[in-house]
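Here are my notes on the model, point by point. Please read them with the structure open.

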Amino acid sequence: MDMQKLFSLEGRVALVTGGSRNLGKTIAAAYIAQGARVYISSRKAADCDATAEELGPNCHSLPQDVSTVEGCQTVAKALSEREEKLDILVNNAGAAWGQPFEEFPEKGWDKVMDLNLKSPFFLTQALHGMLKAGGASGSPAKVINITSIDGQRLNPWETYSYHASKSGLIYLTKRMAARLVKDNIIVTSIAPGAFASDMNKAARDHGEEIGKSIPLGRIGTDEDLAGTAIYLASRAGDYVVGDTITIDGGIVHAALGQSIDV
């Protein structure tokens, strides 16, 4: 068994949405380090272009808002003009909204549900042909949805649409996996816990304090996320179908019912 090949992404083509910063950027950098050619998409073209330049010649910018079906189709068309196939799709773009129940607005519902739940389905649908071209018996294409531990347990905040979207995406991952495995496309998800990001400002700004409430004693690092993302995208993860890998330092499964504010 060649362990280097087991986790290699040499020659593979990947698209990471929300890839210009935070978790998406970490995943993009990890895939490039493993030999992949990576396209990143995000709503802000300047940020997308800057990250692509930072990550080097194997990173390419495809700026687009994928919260609409039209946006999903646009980025799929742009990718098809550059590549004949797609080996790895990471549906990472996401949004959150917190507001009291009595005041929670429709725009806070629609914005989050569109980007977090609708987009992964319709972008995968738009790229179905390219993913089928990338997948083959013994070397399947991969779709990795970035969900959240907030789809597995409640957080202390009133993030109604976020909870609904992430729990929905975990189950949508199973439904899509059951269908797409027939096309040699494997669908899985990663559910991160407390990682520093613009969305998780508590972990970003108070990481040491937040870490004290996590069973493992710290917040997540780039290496924690990169390792899981590489595993699922590479040959090493070929036999994982429809499942969600939780990377949270024990918040969901080792907290023994404690209320943890992350």
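1. A residue is called buried when its relative accessible area is under 20%, and exposed when that area is over 50%; anything in between is partly exposed. These words recur below. Note too that the model is predicted.

2. Start with S161. Its relative accessible area is 0%, under the 20% limit, so S161 is buried. The residue sits in helix α7, which runs over residues 160-180. What does its side chain reach? The S161 side chain comes to 2.9 Å from the backbone oxygen of G108. G108 also appears among the contacts of S161, together with W97, F104, W109, V112 and M113. That list leaves out residues up to four places away in sequence.

3. Next, the cysteines. How many disulfides does a search of the whole structure find? The count is zero. C48 takes part in no disulfide, and its nearest cysteine sulfur belongs to C59, 7.5 Å away. Likewise, C59 is in no disulfide; for C59 the nearest cysteine sulfur is that of C48, at 7.5 Å. A disulfide needs the two sulfur atoms within 2.5 Å, so a pair at 7.5 Å does not count. Are these cysteines buried or exposed? C48 has a relative accessible area of 0% and is therefore buried. C59 is buried as well, at 5%.

4. Now the charges. Side chains of opposite charge can pair when their charged atoms come close. The whole structure holds ten salt bridges. Three of them are worth a look here, with their surroundings.

5. K77 pairs with E81, and their closest N and O atoms lie 2.7 Å apart. Both ends are open to the surface by the cut-off of over 50%: K77 is exposed because its relative accessible area is 52%, and E81 is exposed because its value is 55%.

6. D150 and R153 form another salt bridge, with 2.6 Å between the closest N and O atoms. Here the setting is buried for D150 and also for R153.

7. R218 and D224 meet through their side chains in a salt bridge, 2.7 Å from N to O. R218 has a relative accessible area of 36%, so it ranks as partly exposed. D224, at 25%, is partly exposed too. Elsewhere, K142, R235 and D238 are joined into one network by salt bridges that share partners.

8. K142 turns up again in the contacts of L232. L232 lies in helix α10, residues 222-233. At 2% relative accessible area, L232 is buried. Its contacts also include I144, T188, S189, I190, G237, V240 and I245, with residues up to four places away in sequence set aside. How far is L232 from R204 in space? The two are 28 residues apart along the chain, and 26 Å separates their C-alpha atoms.

9. S234 is in the loop between α10 and β7, the latter being residues 244-247. A loop position can be checked for cover, and S234 is buried because its relative accessibility is 0%, under the 20% cut-off. Beyond residues up to four places away in sequence, S234 touches L6, F7, S8, L9, R12 and K142.

10. R12 also touches S139. S139 belongs to the loop between α6 (128-134) and β5 (141-146). At 33% relative accessibility, S139 counts as partly exposed. Apart from residues up to four places away in sequence, its contacts are R12 and G134. S139 and Q73 stand 66 residues apart in sequence, with 26 Å from C-alpha to C-alpha.

11. Last, the N-terminal end of the numbering. Which residues form a nonpolar patch on the surface? They are M1, M3 and F7, with about 370 Å² of accessible area together. M3 is placed in helix α1, residues 3-6. Its relative accessibility is 47%, so M3 is partly exposed. F7, a member of this patch, is also one of the residues that S234 touches.

Terms used: Residues numbered from 1 in each chain as written. Predicted model: local features only at pLDDT ≥ 70, side-chain atom pairs only at ≥ 80, totals over all residues. Heavy atoms only, no water. Patch = residues over 30% accessible without salt bridge, like charges linked within 9 Å, V, L, I, M, F, W, Y side chains within 5 Å. Areas by Shrake-Rupley, 256 points an atom, 1.4 Å probe, with all protein chains shown as cover. Salt bridge = Lys/Arg side-chain N within 4 Å of Asp/Glu carboxyl O. Helix = DSSP H or I, 4+ residues; strand = E, 2+ residues; numbered from the N terminus. Buried < 20%, exposed > 50% of the residue type's maximum accessible area, 1.4 Å probe, protein only. Polar contact = N/O pair within 3.5 Å; in protein donor to acceptor, adjacent residues only side chain to side chain. Contact = heavy atoms within 4.5 Å.
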